[in-house]
Amino acid sequence: MKEFGLQAVVLEPGPAMQYLTGVRWGKSERTFAVVLPAKGDPVWVLPGFEEMRARELIHLGKDDIRVWQEDESPYARIVEGLRDRGAAGPGNRVGIDEAARFFVFDGIRKLAPQLEFSGAAQVLHAAGADQAQGAGRGGGR
Amino acid sequence: MEKARGLMRREGLGAVVLEGGTSLFYFTGARWQAGERILAWVLPAKGDPLVVAAQADAAKAQSVVRISGEVRTYEKDDAYEKLAQALKDRGAGSRIGIEERVRFAVYDGLRKQMPGAEFAGADAVTAGCRMIKSPAEIALLQRANDITIEAYKAAFATLREGMTQRELSGNIAAAYRALGVSGNAMAIFGKYTAFPHGSIEPQTLREGDLVLVDDGCSVEGYESDITRTMIFGKPTARQVQVWNVERKAQDAALAAAKPGAACESVDAAARKVITDAGFGPGYKVPGLPHRTGHGIGLDGHEWTYLVKGNTTPLAPGMCFSDEPTIAIYGEFGVRLEDCMYITESGARMFTKQSPAIDQPFG
């Protein structure tokens, strides 16, 4: 990330998340994401009622799991996570998983218009996490 | 498509861009999984739709435009150039709608070609159309629901002491195959029924366990989603009491789902039954840790949702799951889920509700 000028990368479930964190999760309409900062530990953002099931799977960064309840915004949690890791200042650059769905990115940018967003492909490629990045949609019903 | 165009005008969008997926299927009948090579469909507010596809996908892309529109192909690295040109040719202007599941890479490629343009979510257009089901769509949903009940009946007949949750899931999948559809189910036993989506812990069925089965199948793309929770053996008084509260909560949501009522009021009705029984409040466990229901159609979960904060009024043709859960971590959980469709005179279930803790089928 430092090499590519990014302060953090946001990943949705998919091959890159699985490769970098070991967490395999089905994409659904309920946002489940990990913020990987250039400095500091990962921040997980996930639905409140999935916390118990998620804790069975999350090992990397398990001390910072932030849940959102059904009537709350997952994006507020993601932006808080970016802020707490020093990645939400004006002009900071955040990489977005290229396979992330538009609504997830859109939710983040609406709450953090000061940020610059770019694709995280180069970082993920350099980290070896792009072997199976072609498919845009994961499992999960 | 005309309805979509009207919604676009209302939203001030000159066009909507979609990738392969359920929204593309909805509008065009084309089944296309978003893959490595970009395929984008453009529905402009004015003029014919068009598809931008790789040269290698040109033949397949014809299926996307069999109703109307044209295919434009790109060679190597000029997919976004071609897509931007297509939007320009259709007079889409500077405000473009992006379907919710379009991948960031596609949006990013397009915005680099159209630096002055504004890109906004197109949910008001796509969900605005998809939320209201036609009689033909409701008939397909009915068929999917009927098949799921048959598959569950067959699989529940195989319950036996010592069975693993994987074996029960496998039996449901096998029943679906025998019924000529593809479908799966999550099976959860005992204390793990308190986790709404189960646990990775291996489970074997014991006398006195609750058995929870959830998921559905797909008929011509239309999804079912049904949950049953039943006792294996003899229930305790506590299991019966909680099960009965759950059934009352499901009934309360059904009764509240009248046309014109706000989506959130349906959630509130079910939640009140559960809170009045001493659980919760809110999303607190023991209690109901999630919303009461979701829209259902070409996606198992889709707009709009029966959740606090959603003031969208119910309208005839909308279809929802009705599935409050009562989760008691360390003990057990109960969920009853049937799907309902809204009519002029109120909500109707696609399937007969479970009448009792030892009778999963009505």
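Here are a few exercises on chain B, each with a worked solution.

This is a predicted model, in which local features need pLDDT of at least 70 and side-chain atom pairs count only at pLDDT 80 or more, while totals for chains, interfaces and linings use all residues. Residues are numbered from 1 along each chain as its sequence is written, chains are lettered from A and ligands numbered from 1 in the order in which they are written, and side-chain values use heavy atoms, with hydrogens and water left out.

**Exercise 1. Work out whether the radius of gyration of chain B agrees with that of a compact globule.**

Start with the rule: 2.2 Å times the number of residues to the power 0.38, with the radius taken over C-alpha atoms. For 362 residues that puts a compact globule near 21 Å, and chain B comes in at 23 Å, so the two agree. Next, look at the box: along the principal axes, the C-alpha atoms fill roughly 70 × 40 × 35 Å. Finally, check burial: 60% of the 362 residues are buried (under 20% relative accessible area, exposed being over 50% and partly exposed in between, with a 1.4 Å probe and protein chains only).

**Exercise 2. Find out how enclosed helix α6 of chain B is, and what its buried residues pack against.**

First, place the helix. Chain B has 10 helices and 19 strands, which are DSSP runs numbered from the N terminus (helices H or I, at least four residues; strands E, at least two). Helix α6 spans residues 123-130, and six of its eight residues are buried, so the rest of the structure largely encloses it. The buried set is V125(B), T126(B), A127(B), G128(B), C129(B) and R130(B). As for partners, these residues pack against α1 (2-11), β1 (15-18), α2 (22-28) and β14 (302-306) of chain B, with contact meaning heavy atoms within 4.5 Å.

**Exercise 3. Count the disulfides, then check C263(B) and C339(B).**

Use the cut-off: a pair of cysteine sulfur atoms within 2.5 Å. By that rule, the count over all chains is zero. C263(B) has its nearest cysteine sulfur, that of C319(B), 12 Å away, and is in no disulfide. C339(B) is in no disulfide either; its nearest cysteine sulfur, again that of C319(B), sits 8.1 Å away. Now for burial: C263(B) counts as buried because its relative accessibility is 0%, and C339(B) is buried at 0% too.

**Exercise 4. Decide whether S169(B) is buried or exposed, and list what it touches.**

Locate S169(B) in helix α8 (residues 165-178) of chain B. Its relative accessible area is 19%, so S169(B) is buried. Leaving out residues up to four places away in sequence, S169(B) touches A185(B), M186(B) and A187(B).
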